[in-house]
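Work through the exercises below with the sequence and the coordinates open. Each task is followed by a solution in steps.

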Amino acid sequence: QLQLVESGGGLVQPGGSLRLSCTASGFTLDYYAIGWIRQAPGKGRKGVSCISVTDDSTYYADSVKGRFTISRDTSKNTVYLQMNSLKPEDTAVYYCAARLGDCSPTYDYWGQGTQVTVSL
């Protein structure tokens, strides 16, 4: 069974950092683009970042450029999202998702999500 599991969310103060993990079971992430998508309260889902299969190319939403970093550890079958300089507007449920090949707005497999709350 193909499954994605996110972890690492939590409560953090503005300016703080968190690292989210997305671990796959039932398939290897080597052949999949992995995206992080977030959904803030009362809003729709928005893409945050993605890492492609080709050359591990990475993409970021303008709102997180320079603060978030996506990376892949093939030995652990895990993709990470390092989030620094967090702002209250980063508060959301963060989902990881997978699709074969390179980054695209649509995904085939989704995790259950992890809550990130940025607040004093």
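**Exercise 1. Describe the polar partners and the burial of R72.**

Solution. Begin with the side chains: that of R72 makes a polar contact with the side chain of D56, at 3.1 Å. The model used throughout is a predicted one.

Next, apply the salt-bridge criterion, a side-chain nitrogen of Lys or Arg within 4 Å of a carboxyl oxygen of Asp or Glu. The side chains of R72 and D56 meet in a salt bridge, with 3.1 Å from N to O. This pair links distant parts of the chain, with R72 in strand β7 and D56 in the loop between β5 and β6 (58-60), 16 residues apart.

Then look for a backbone partner. A polar atom of the R72 side chain lies 2.6 Å from the backbone oxygen of L29.

Finally, compare the relative accessible areas with the limit for buried, under 20%. R72 has 15% and is therefore buried, whereas D56 has 35% and is partly exposed.

**Exercise 2. Place T78 and relate it to R72.**

Solution. Locate both residues: T78 belongs to strand β8 (residues 78-83), and R72 to strand β7 (residues 68-73).

Check burial. The relative accessible area of T78 is 6%, so T78 is buried.

List the neighbours, leaving out residues up to four places away in sequence. On that basis T78 touches S21, C22, T23, L29, S71, R72 and D73. The contacts of R72, with the same exclusion, include T78, V79, L29 and D56. L29 is thus a neighbour in both lists.

Add the polar contact: the side chains of T78 and T23 are joined at 3.0 Å.

**Exercise 3. Which residues do shared salt bridges join into one network with D90?**

Solution. Oppositely charged side chains can pair when their charged atoms come close. The count for the model is four salt bridges.

Take the pair of D90 and R38, whose side chains meet in a salt bridge of 2.9 Å, N to O. D90 sits in the loop between β8 and β9 (92-100) and R38 in strand β4, so the pair links distant parts of the chain, 52 residues apart.

Take R67 with D90: here the closest N and O atoms of the salt bridge are 2.7 Å apart. Because R67 lies in the loop between β6 and β7 and D90 in the loop between β8 and β9, this pair ties together parts that are 23 residues apart in sequence.

Combine the two pairs. Salt bridges that share partners join R38, R67 and D90 into one network.

Test the burial of the members. D90 is buried at 1% relative accessible area, R38 counts as buried at 13%, and R67 is buried as well.

**Exercise 4. Characterise the largest pocket by volume, lining and residue class.**

Solution. Start with the volume, which is about 230 Å³.

Identify the residues towards the centre. The lining has 13 residues, and the closest to the pocket centre are R38, A40, K43, K46 and E89.

Assign the lining to elements. β4 (32-39) and β5 (45-51) are the elements that give two or more residues. The most comes from β5, with three residues.

Sort by class: the lining has four nonpolar, five polar and four charged residues.

Connect this with Exercise 3. R38, among the residues closest to the pocket centre, is also a member of the salt-bridge network with R67 and D90.

Note on methods:
Residues are numbered from 1 along each chain as its sequence is written. This is a predicted model: local features need pLDDT of at least 70, side-chain atom pairs count only at pLDDT 80 or more; totals for chains, interfaces and linings use all residues. Side-chain values use heavy atoms; hydrogens and water are left out. Helices (H or I, at least four residues) and strands (E, at least two) are DSSP runs, numbered from the N terminus. Buried means under 20% relative accessible area, exposed over 50%, partly exposed in between (1.4 Å probe, protein chains only). A polar contact is a pair of N or O atoms within 3.5 Å; within protein, one must be able to donate a hydrogen and the other to accept it, and residues adjacent in sequence count only if both atoms are side-chain atoms. Contact means heavy atoms within 4.5 Å. On a 1 Å grid over the protein atoms alone, a cavity is a set of points where a 1.4 Å probe fits but cannot get out, and a pocket is an open set with protein on both sides within 12 Å along at least five of seven lines; lining residues have an atom within 4 Å of a point. Grid points are joined across faces, edges and corners, and a volume is the space filled by probe spheres set on the points. Ala, Val, Leu, Ile, Met, Phe, Trp, Tyr, Cys and Pro count as nonpolar, Asp, Glu, Lys and Arg as charged, and the others, Gly among them, as polar.
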